[in-house]
Every structure is written in C-alpha cells, then in structure tokens.
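User: Please take a close look at one part of this model and explain it step by step. I would then like to see how other parts of the chain compare in outline.

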Amino acid sequence: MIRSAKTLADGELLTADVAIVGAGPIGIALGLELVKSGQRVLMIESGGTSLVKEAQALARQQGNDRWHVPSDLAVRRQLGGTSALWGGRCVPFDPVDFETRPVVPEPLWPVTYAEIAPYLEAACAWAQCGHARFDASELPEIAAREMIPGFPDGTVRTTSLERWALPTRFGQVYRRQLEEASTLQVVTDLTCTHIACDDETGLVDHLVLQSLDGLRVMARADRYVLATGGLEATRLLMCSDDVHPGGIGNSSGHLGRWYMAHVEARVARMHLTTPPELTIHEHERDADGVYVRRRLTFSAEAQHEHRLSNTAIWFVNPQMSDPAHGSGILSGVYLTLISPIGRFMLAEAIRKAHTAGDGNVQIAAHVRNIVRDLPNALRFALSFGYRRFLRRGRKAPGFFVRSASNVYPIDYHGEHLPNADSRVVLTDARDALGMRRIRTEMAFSGTDIENVSRAMELLDRELRNAGVGHLEYLYDDTAAGVRECLVGASGYHQTGTTRMAADPAGGVVGPDLAVFGTENLYVASTSTFPTSSQANPTLMGIAFALRLADHLSDPEPPAVAAAGTARSTET
Ligand SMILES: Cc1cc2nc3c(=O)[nH]c(=O)nc-3n(C[C@H](O)[C@H](O)[C@H](O)COP(=O)(O)OP(=O)(O)OC[C@H]3O[C@@H](n4cnc5c(N)ncnc54)[C@H](O)[C@@H]3O)c2cc1C
C-alpha cells in the first residue's frame, strides 16, 4: 500500500518488522526483497509520488562548496528518489577496488569482491540493465569486434562494459508492486527528522517522523534502515546526537569524513590512425536489446605497477556549444537543449553538462550547420527523437556522432581517493522541519589530480606502441585543466561518509551495514563504500542492499535488536 502522511492522525504509532527510511532505488529494492521473505515493512518517504517543491527544499545544503553541485541537481526527494534524475549507467566495482594498492595502501573494505559479486545479477534485474556481464568478450553478439582495431586488451582494456537501465525510474516502474505488496506500507510526504535511541542500550527506540503540514508521528520496528541517499543518511546520524555524542556511529570520528565523488575531467582528444568506420564510438546492444558501451580501463596489474587510481575513459561528442564542430546534428541538439523545451528533455545537471560553453551562444553559426547538414540532421531528429522519447520501455541513452577524421574528445571518470578532510559538517541553519542542515566541504588531493595526467600519459604511450593513435592535450597545464573541470561537478555520487569497516575504530557501519554501537540500525547507501572506484555507484549500492535483505531476512533477529525495541502489531 502507498499512502500519504495526510491520511495519518497526529501522534499515530506506525509499526513493522523493518522500517526503511527513504524510497529511492536502494530503499525500494530492499523493501520489496524483504516482503518476499514475509517481513512486514514500513517505508517512509519524505517526498510525494511526484515532485513537491517544499519537500525538495528540505535537502538544501548550506554554504558554497566550490566543487559541489547544489542539492536540486544532485538529489530528488520523491518516490523513487534520485532515479527520477539519473542517467541509468550501471557498472560494478572491480575486484581491484577491494584490494590494497599503492594508492590505497590500507585494507579498507571489510567485505571481499567475492562476497558481493553473487548479488550483481539480481541488482542488474532491479536496475533493468540486463545480465551481469560486463566484459565484451563474454557477449558473443559483440565479442568479435574490437573497439579500436589492433588495440587488444593489455595494459589498457577496451572490453570493459557499462550497461544502461531503461533508465529505470524506480518510483514509476515499481509503483504497482509497492501498492500491491501485502506486507508493505509506504508512507509518502513524511520525513524522518530524528532517530531516538535508548540511553541505556544505545539502540534505536523509535523514529520521529514529521510532515510539512505539521503532523508528528512515530515509527517502531525491530530493525531500522536508512536508505535516504548518502548525504541524508549522514545528516540523520549526525543530527541524532542526543544519546550518541557527535552522532550515531561516530565514536571514532569517521561520520561525515571521507566524502568522495569521482574525478571527472575532459583534458584530451584521441587521434586514431585506424579506419574511422571501424571505431566503436557509440552504444552497442546486447542480445536482450540492452544498451551497452565500452569503457577504456586499466588492468589491475597496470594500476599496481603505475600507482594508478582506478580509472575509466570514454569517447564523447565534441563540445556542442562550439559550432566549429560543423555538425548539423550537434547544432540541432544544442539549440533544442538551450530552448525552453530543453529543460523537459533531460535532468538539469545532464542538460547543463551537454550545453556548457564559454557563454557566447552563436545561434547563426549553429543554424548554418543545420542548413548545410539538413538531410542528416532531420534523419537524426526523427530517429533519435523516437528512440529516446517516444518508444515505450528501453530508451536510447544518448547518441554519439561518428568522427570522419577519427578524432574523439575523451572523458576521464576516475576514483576519488579517500581523504579525511573531504567531508560533510552539520551547521546551525535549520530546514522547515527544524532539522539542522549540512554543509559539504569536498576536497581533492594532489594525487587525485595527478592521476589524470598519469592515466593519460599511459594511454598515449599504449596507443603509440600499438601504432593506432595518440592523445592531444586540451590544456597547456593538464592539472589546471582538471581543476577547472572539477568546479561544480561533484555530488552526484555520494560515497564514504558512513564508511564500512571491520570494527568501530575504522568506520561507522560494520560489514553487515549495522551502525556500530546501535546494532538495530543499518545504512543502505553508497555512503558506506570506503573507496569510490571508477564505477558509477548505484548498481553496487543495490547489490549491497540485496545482501542486507538476506541478512535481515534471517529468522533469528539479533539478540540486541529484540531487547531494545517494541514488537510490531501491524504494517
Ligand atoms: C543527474 C544525475 C545522474 C546520475 N546518473 C547516474 C548513473 O548514470 N549511474 C549511477 O550509478 N548513478 C547515477 N546517479 C546517482 C544515483 O541517482 C544515486 O546513486 C542513487 O539514486 C542513490 O540511490 P539511493 O536510493 O541511495 O538514494 P536516493 O535515490 O537519493 O533516494 C533517497 C530517498 O530518500 C528520501 N529521503 C531523504 N531523506 C529522508 C528523510 N529524512 N526521511 C524520509 N525520506 C528521506 C528521498 O526523498 C529519496 O526519495 C545520478 C545522479 C544524478 C543527480
């Protein structure tokens, strides 16, 4: 059942076996999995079934972090969470992420890759991105072709795949299941503002829940899960500091620290000397019709040998805003995206990234490109418009224009290394429900920046050695270029601030995602990841949520939880 808080009475007590705060992709996958094992689940969602401006404003951050996007671009408070905005790119972390490496010399992950890998197939099913096969050589339908002819896997790998979801808007796609699940109750328009703990046991006693209409109710459950997204899970733990000084799970001072995103930069172009028509520059489709795309990555051995952070690189279109590209297609898309209808076509963050430029909009030059290239531009508009916007189900994730000269700008998407000074802090400013707001203080280290140059140098060397091409740099000073690209580019992938560790000295939650010192409270979020990988994090977040569902479905509730909480009477 899905009901709004407007149907509740002030002071009502909601009860369940498991209370999940947050109905984004991770909360929804977790909740529906728990229902399968017969658990009575209560899901609390701050937003409505569609966007409510006042609820969205609750997520606003204080301050002005140079590297961070504003919350309106980074998160969405509504049923389905930020999947209302996401691109749908699904990639698992790599085995190397879980290892100690020259750039991450301490053993940080208390869970091995082998423990989480079995959950990837089901995570792909929840995300609707096909099967968990992420290597082109495993897919006979595309394995025979090389991304760059004559450049086989070695130091640089060209067979790593990303998969694309519909993109799956979890609030829409799973709405019916949420409505029909007999032991599940979703309450929207209701925000958890405090986690009330028992001052003797330290365990959660109940959740304080408030609506923007002034309603105040309570939830009691055997076990509680925060699935509110990375920043909000951190904020809730920090704000609930009456029994646990400094916030729940913060006995060692890790809460809010180690904030990671990804290092994202466009600082080079790849020139290929191979036949242009043979370059795989765009999406392919697997046998199930799922869009997949090749990423250039570095082998684990090369990462160790060259002291590299984990890195992915992919081809992109030339900057659309610069009509010098001469493409009628790119000019047509650019003019559409900067027009008033552009805002309805793409998430604002993605639209802004595609239309970025020097501020000088050269409309006449773009129109000239379209007129010169009219048949192509029209053909593209009709076919892509249908595949992206009109076709039911799976949508084309994007488009890439083939370069006749075989020259492609490349995007770097690399691991942001753990750094205790990159963090989230609580401020004295309060939101409309009286909850303290957070400020982000994102930081990138010299190594994060240098890694871009080192990865580019290695890629350039390997292209030259294979005799297939080379890189051309876009900035005289690559490090300065990386810093420029990073301004306002982080905050979409929220990692590290409730880090997972083997024991309370090392983090906020344990390997089973239970918060240290409050073992009936769990965090299901990418914020539990101690490192950030090259991978976009949501698929892995879902995999960990499914592993948590297995743990919570254990018929033997942990002794600590049974002692500290009231029994539930209804869902
Ligand atoms: C523009 C954009 C593009 C992206 N593209 C990709 C991509 O291609 N691939 C990828 O892997 N990731 C991508 N991401 C990131 C991805 O969207 C997130 O990793 C993912 O949504 C996180 O899922 P979640 O369930 O943890 O949190 P969310 O999706 O943020 O959901 C959290 C839910 O909790 C609710 N909530 C928050 N606080 C409270 C509270 N106190 N009480 C009650 N409810 C609360 C919120 O309203 C929300 O519904 C993208 C993000 C953006 C912004």
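What is the relative accessible area of Ile363?

Analyst: The relative accessible area of Ile363 is 47%, which means that this residue is partly exposed (buried is under 20%, exposed is over 50%, and partly exposed lies in between, with a 1.4 Å probe and protein chains only). The model is predicted: local features need pLDDT of at least 70, side-chain atom pairs count only at pLDDT 80 or more, and totals for chains, interfaces and linings use all residues. Residues are numbered from 1 along each chain as its sequence is written, and side-chain values use heavy atoms, without hydrogens or water.

Ile363 belongs to helix α13, residues 363–372 (a helix is a DSSP run of H or I with at least four residues, and a strand is a run of E with at least two, numbered from the N terminus). Together with Ile338, Val361, Val367 and Val371, Ile363 forms a nonpolar patch on the surface. Such a patch joins nonpolar side chains within 5 Å, from residues with over 30% relative accessible area and no salt bridge (Lys or Arg side-chain nitrogen within 4 Å of an Asp or Glu carboxyl oxygen). The accessible area of these five residues together is about 390 Å² (Shrake-Rupley method, 1.4 Å probe). Helix α13 gives the most to this patch, with 3 residues.

Two longer helices can be examined by their span and their cover. In helix α15, residues 446–466, there are 21 residues, and the end C-alpha atoms are 30 Å apart; this agrees with the 30 Å that should be spanned at 1.5 Å a residue (times one less than the number of residues). Its buried residues include Ile449, Val452, Met456, Leu459 and Leu463. Just after α15, Gly467 takes a positive phi of about 70°. Helix α17, residues 538–552, reaches 21 Å from its first C-alpha to its last, close to the 21 Å expected for its 15 residues. This helix is mostly covered, since 12 of its 15 residues are buried; among them are Leu539, Phe544, Arg547 and Leu552.

Backbone geometry also deserves attention. Most residues other than glycine have a negative phi, and most peptide bonds are trans. Asp189, however, has a positive phi of about 60°. Its place is the loop between β6 (184–188) and β7 (191–197), and at 18% relative accessibility Asp189 counts as buried. Trp258 likewise has a positive phi, near 65°. Trp258 is found in the loop between α9 (230–239) and β10 (262–272), where its relative accessible area of 16% makes it buried. A cis peptide bond joins Leu166 and Pro167, with omega about 15°; Pro167 is in the loop between β5 (156–164) and α7 (170–173).

Finally, there is the ligand. The residues around it, each with a heavy atom within 4 Å, number 37, and Glu45, Thr82, Arg89, Cys192 and Thr538 come nearest. At least two residues of this shell are supplied by each of α1 (25–36), α3 (71–74), β7, α9 and α12 (348–355). A polar side-chain atom of Glu45 lies 2.6 Å from a ligand oxygen atom, a backbone N or O atom of Gly88 lies 3.2 Å from a ligand oxygen atom, and a backbone N or O atom of Cys192 lies 3.0 Å from a ligand nitrogen atom. Taken alone, the ligand exposes 1000 Å², of which the protein buries 95%.

Technical notes: Patches are made of residues with over 30% relative accessible area and no salt bridge: like charges are joined within 9 Å, nonpolar side chains (Val, Leu, Ile, Met, Phe, Trp, Tyr) within 5 Å. A polar contact is a pair of N or O atoms within 3.5 Å; within protein, one must be able to donate a hydrogen and the other to accept it, and residues adjacent in sequence count only if both atoms are side-chain atoms.
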